[in-house]
Each structure stands twice: as structure tokens, then as C-alpha cells.
Amino acid sequence: MHRSRQTARRTARRTALAATGAVAASTLLSWTGSLAAASYFARRVLTPDPERPDDVVVVAVADSTVTLAATVDTVAPGCYGLWLDGGAGHARLGDVLEREGGIDHGGTVTRKLLGVDSGRLEPGPARWNQYFYAGTPQEALGLPTKTVQFASDVGDLEGWLVPPAADPTLPADTDRWAVLVHGRGARREECLRALPALHELGYTSLIPLYRNDVGAPPSPDGRYNLGLSEWKDLEAAMLHAIESGAQEIVLFGWSMGGAIVLQALDLSWLSDRVTGVVLDAPVIDWADVLRHQAAAHQVPGPVELLSRRLIGRRAARRLVGVHDPIDVARTDWVSRADELSHPMLLIHSEDDEFVPVGPSAALAARRPDLVRYEPWQVARHTKEWNVDPGRWDRLVREFLTR
């Protein structure tokens, strides 16, 4: 009987140990899976993607119209562009004239054809261009343009320099400059929509590349740093402007370009030369954007939170592929609103599907003394000018001539 009880106890201990081992193994597998998912999500956010595949289909072309397969982009109100032949050609499109059927279910949309800038517009695949313009300022807008170079800590960077209307000679010698910063994964053409207003107001405009752009040097890790290192390239562009005669500078930023601008205002020794800031659909708080993108891609909240912690830990640099830790908290300008000191025009669409509008509205509420907030509707991400170019230009002119 005594031996039987000992055997029973040993069996119970073995069973308990086995159960504990199974739970530990399950927990380890769960943690390992979460770590892998968080690392993957972080790398997707931080890794540049130069591939720009065709994303729309041209169904028919007439003398003054184009018919396209209906998508969320192609049915949007306003004026847009189409890249043709893998980006070798370009056409500009105007208002929606007619729609048949639904989105992504065989529906079509007919839009006004404003012009074919280059290449052949014909039925087949094409790529949507929310910038409306394509090419250099000279090619797209007929504005005299010079390519300049300036040095940053990653190497030499290139910029498009456009003199003001009052002085067509190059290099320009006006003392008022605008430096315009495009967003994550975007091209310099994103900034062209602002040039006509700036040109007429007598600003010299500089549109620089920054690290990891196509045609620019990479960062040490080949990753975006969410503005926390890219601001140095903006500072290099600002220094070029000052060395070329700029006494005052206005900064423009679209999407992540807004995050870059805000870091430059905080960290650059040249920020006292900045007299105003115009931000279009800016990233005011990267944590908010990452939470939104995780939810949109069905990434669990704990995994998204873990990814933010990973990119901020020096010990996890190799896991997520970054050279230096990225402190996302430093990009929260709602919490840091009291640190801002520059007048700001903030334009943001309430239906932005990529960068939620909430932090922009919150920042404006925190600093009504500095921030003029202009909400848009139905423009989605960085398409405010496209939906209402007259209003966009008017607001910029009013802000710069205040």
C-alpha cells in the first residue's frame, strides 16, 4: 500500500512537470511568433520600397476623355495624373464625367483628359499619380529649374531649385526661400503642386531628395527613421539656402515630410531662420499612425506595441535592421505641443486612410495661437490640393502674406 502511494505521487509529479513543460513550450512558441510578427511589421514600416507597380487599368481613350476601371482612386473627385509605360509617359486627368457599376466589380469611370505630357495613352495598365504633375518643375510647369547639390552626413544630396517669377536668373538671389519635403516612399513631384503659388509670391523654392530616396545615398541601415535622422538632410538643404542668400525660410512637408520638418524645427541650429510652416496630411504622432496601420492590416495590438518597443531598443537593432534605436515618443507633437514656436498652416483631410487626422486636430486645439487648422473632406491622403486646388492655393497665399 505504501509503495503504491509513492508510485502515485511520482506519477502525479511527472504529470505536473509534463503539463508545466507543455505550457512553457506553448508560451515560448507564442512569444516567438509574436516576436517574429512584430519584427516583420517593424521592417515593413521602416524599409523603403522603390517598386511602383501599375495599379489602374485604362479601358478606353477618346479625344477628350479617358475611361478607367473603377477603383477608390479613379472615382475620386478632383484632378490627377497617370504614369504610362512604367513611368516613361504621363497624362493628366480632370473631373469625373460618368460612372457605371461599382468599384472593383467591373465598374468603370470616365474622366476628362486634360493632356498627355509624354508617351502614348492607350488601353492597358497604368499607374495612378496623385501628384498630378510629373517630371522636373521645368518639364511639368515650365518653370526655370536648376539642379543643385548639398552635403549631408550620408553624402551629397540633390535638389531642384526654382527661382521666383520676379527673378528668372539662376542662381536666384531672393532672400525668401521655401524648402519642400515629400513623404515616405513618395517622389519629389509630390511637392510640385505648391510651386505656382510660391513662384508668384516671389519665393525661391528648393525641393531636395533625402536619404533612401531613389537617386540619394542610403542611410547607414537603409531604413527610414521616421524623421529622426532625415531631418539632417533637410538641415543640409536649409544651409544651402542660407549660403545662397536666404534670410527667411518657409518649410513645407507632406505626410512623413511633416514629421521631418517638425524634427528639424526641434533639433536644427537653423530653425530660427524659419518663419512659417505648411504641413499637408502630416505625421504628427507616429504611434497613432502605426496603431492605425496595424489595425488596417489586422495586426494584433500587442504585436504592434511590441514592434514599437523593438525599434526603440538598442539590443533589438539587428532584429529589426536599424542602425540606431528609434524613439517613437519623440514624434508625438500633441504631447510636445508646448515646445513648438513657429506659425503653422495645417491641412488635413478628415477621411485620411493612411495618416489619421486626429493628432492634427488635437495639435491645433492645443496650440491655437500657432496653428491654423484647415480640415478637408473626401481627399483621403495628401490629395487635398487635387480635390480643391483653388482653396489650397488661396490658403497658402493668405498664410504666407499674413
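Helix H1 gives the most to the lining of the largest cavity, with four residues. That is a friendly place to start in this predicted model, since the cavity brings several parts of the chain into view. The volume of this largest cavity is about 50 Å³, and a search of the whole structure finds one cavity of 30 Å³ or more. Its lining consists of Phe41, Ala42, Val45, Leu46, Leu226, Leu290, Ser307, Arg308 and Ile311. Besides H1, helix H7 (301-311) also supplies at least two residues of that lining.

H1 turns up again at the largest pocket. Here, too, H1 provides the largest share of the lining, six residues. The pocket holds about 1,600 Å³ of space and is lined by 43 residues. If you want to find its centre on screen, look for Asp49, Glu51, Arg184, Gly185 and Phe354, which lie nearest to it. The elements that give two or more residues to this lining are H1 (2-46), strand E6 (124-129) and helix H6.

Let's follow E6 next. What kind of sheet do strands E1 to E6 form? They make a closed barrel of six strands, running E1-E2-E5-E4-E3-E6, with antiparallel pairing. Neighbouring strands in this barrel are turned by 45 degrees against each other on average, with direction ignored. Within the barrel, E6 pairs with strand E3 (residues 80-84) in the antiparallel sense over three bridges. To see the pairing at the level of residues, find Trp83, which stands opposite Arg127 in E6.

The other element named at the pocket, H6, spans residues 286-296. Asp285 caps its N-terminal end, with a side-chain oxygen lying 3.1 Å from the backbone nitrogen of Ala287. The buried residues in H6 are Trp286, Ala287, Asp288, Val289, Leu290, Gln293 and Ala294. Leu290 is also one of the residues lining the largest cavity. When you look along this helix, it helps to remember that an α-helix has 3.6 residues a turn, so residues three or four places apart point the same way. Just after H6, Gln298 takes a positive phi of about 60 degrees.

Now for the second sheet. It is an open sheet of eight strands in the order E7-E8-E10-E9-E11-E12-E13-E14, and its pairing is mixed. Its edge strands, E7 (146-152) and E14 (371-376), each pair on one side only. From one strand to the next, the twist averages 20 degrees.

Within this sheet, E11 is a good strand to stop at. E11 pairs in the parallel sense with E9 over six bridges, and its pairing with E12 (residues 274-280) is also parallel, over six bridges. On the E9 side, Phe252 in E11 is the bridge partner of Leu180. On the E12 side, Leu251 has Val277 as its bridge partner, and Gly253 stands opposite Leu279. E11 is mostly covered: six of its seven residues are buried. As you look at the side chains here, keep in mind that in a regular strand they alternate between the two faces of the sheet.

Helices add to this picture. Helix H4 (residues 231-243) packs on the sheet, touching E7, E8, E9, E10, E11 and E12. The direction of H4 makes about 120 degrees with that of E7. Helix H9 (residues 358-366) packs on the sheet as well, touching E13 (344-349) and E14. In this case the angle between the direction of H9 and that of E14 is about 145 degrees.

Our last stop is Phe399, in helix H11 (residues 389-400). Is Phe399 buried or exposed? It is buried, because its relative accessible area is 5%, under the 20% cut-off for that label. Leaving aside residues up to four places away in sequence, Phe399 touches Gly276, Val277, Val278, Pro343, Met344 and Leu345. Among them, Val277 is the E12 residue we met as the partner of Leu251. Pro343 is 56 residues away from Phe399 along the chain, yet their C-alpha atoms are separated by 9.1 Å.

Stepping back, the protein chain has eleven helices and 14 strands. Buried residues make up 52% of its 402 residues. Of the contacts with a separation of 6 or more, 72% come from residues 24 or more positions apart.

How values were computed:
Residues numbered from 1 in each chain as written. Predicted model: local features only at pLDDT ≥ 70, side-chain atom pairs only at ≥ 80, totals over all residues. Heavy atoms only, no water. Buried < 20%, exposed > 50% of the residue type's maximum accessible area, 1.4 Å probe, protein only. Contact = heavy atoms within 4.5 Å. Pairing = 2+ DSSP bridges. Axes fitted to C-alpha atoms, helices over the stretch in contact; angles between N-to-C directions. Polar contact = N/O pair within 3.5 Å; in protein donor to acceptor, adjacent residues only side chain to side chain. 1 Å grid on protein atoms, 1.4 Å probe; cavity = no way out; pocket = protein on both sides within 12 Å on 5 of 7 lines; lining within 4 Å. Points joined across faces, edges and corners; volume = space filled by probe spheres on them.
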